[in-house]
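Trainee: Please take one part of this model and go through it closely. I would like the second largest pocket, with a word on confidence beforehand.

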Amino acid sequence: MEKLGEFLKSPSANIRLQAIQGVFSHTGTNEGIKGIKILIPHILKLVNDENLEISTTSINVLINSCVDSNLCTSLSKSSTIDKVLKNLQIADLKNNKIGKKNHKKEVIVSYIKANLMLIMNLTREETGCEKLLNSQIEQISNTQESNKNHKKQQNTNKKNTKKEKTTETKNKQGSVILQLIQKLFDPERLKEHKNQKKDSQKTLQEMNDSNVYLVNVLMNVTQTVTGRLLVIDFMRPAIKDLFLPYIMSKRSKVVVRQTIIGLIRNLCYEKERHVVMANLILPYVMARLTTKEMIENLDEEDYEKFPALFFQFMKQNRLIIETDHKCRKWLVECLVFLTGSRTGRDLLREIKVYYVLRELDEIEEEEDISEQIYQYVQIVNLDEIGGNTNKQVVPLDELKISKK
């Protein structure tokens, strides 16, 4: 292994490539991963190698190495995330370039996937989330203009100084991930999605490819308060125009739905944004927990206050109960999390979400989902009987993402 380390430092790109490929061949077993730990400092230097194949192989070595939890924690505390973010800075999907060199689009997509997959692994650790949120590397070039516009807007609104300072601090703390979001979820492309049919193949392709790894990163980051506020306050267009329509698609992939619903579920935990989240997601969540026949069984007064978008889905025959157990459970838990604040409970009662859950409970075969429905009903009813609803509804530990 020590000899391999010498080859990894070689000035010859061919020798470095053969050396890192040799290291990669050892990452298929736990024994092999333990053996390459001594080479990690050398491998990290190759993450930003100008040779794309060397850089990508180095990243894949680190991805596989994350199987070792101690090594993963160590990497999350190191400069690894900053190095990967620098790679994502120079990846230009719009012009098919990485740095100044032209590449085929599929090569760039694979490169972005590998980098995002490594960040996804590292942000499963709390230290990795903090590292990403607090990263202070240079701004991503194609978002500088939007950031300038944001600063201009702040300067013209000096009346509410306190609010401006809060927003500026929050933006600065998560500036890198915000830029990354803006780069991969280009606002212009979101407008295209919005103007297309809901089940368009382009929308499906968009979510099934590299961006799903970014959603996984966001799912991890939203285990933290800072991450949740960041995504809710600055990423609403992507949630509204890309994520939520995707979970309504009949042709969406289960694994992607799980990731998106997991992200939305995490966001619903943030009590300060319960009204925002409820107004944003309720039509979609309710539509995935019921059918047209179930709604027709209700009295008109039971559903008259359902969201207008819900009735639009109903007319389009798009009310379909989620078939995946994990997705369905997390959808119900979105509603349970929204009961964590008085404003959330009041809104849920006003819309009469209870009737959707009551009908679902009649046919629900999974005991853990029925238990969540029961918990929802118990918490919502506490206000009416004067009970204590200040307790934490669900332990924060349950928000943590299981390793994939």
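Mentor: Confidence comes before the pocket here.

This is a predicted model, where local features need pLDDT of at least 70, side-chain atom pairs count only at pLDDT 80 or more, and totals for chains, interfaces and linings use all residues. Residues are numbered from 1 along each chain as its sequence is written, and side-chain values use heavy atoms, with hydrogens and water left out.

The protein has a mean pLDDT (the predictor's confidence in each residue, from 0 to 100) of 82. Of its residues, 77% reach 70 or more. Helix H23 (residues 325-338) has the highest confidence, at a mean of 97. Helix H10 (residues 144-156) has the lowest, at 44. Helices are DSSP runs of H or I, at least four residues, numbered from the N terminus. Over residues 138-171, pLDDT stays under 50. Where pLDDT is low, the predicted coordinates should not be read in detail.

Now the pocket. A pocket is an open set of points on a 1 Å grid over the protein atoms alone, where a 1.4 Å probe fits, with protein on both sides within 12 Å along at least five of seven lines. The second largest pocket holds about 270 Å³ of space, counted as the space filled by probe spheres set on the points. It is lined by 14 residues, each with an atom within 4 Å of a point. Closest to its centre are Glu 50, Ile 90, Ile 98, Gly 99 and Lys 101. Helix H5 (52-65) and helix H7 (80-90) each give two or more residues to the lining. By class, the lining has four nonpolar, six polar and four charged residues. Gly counts as polar, and Asp, Glu, Lys and Arg as charged.

Conventions. Contact means heavy atoms within 4.5 Å.
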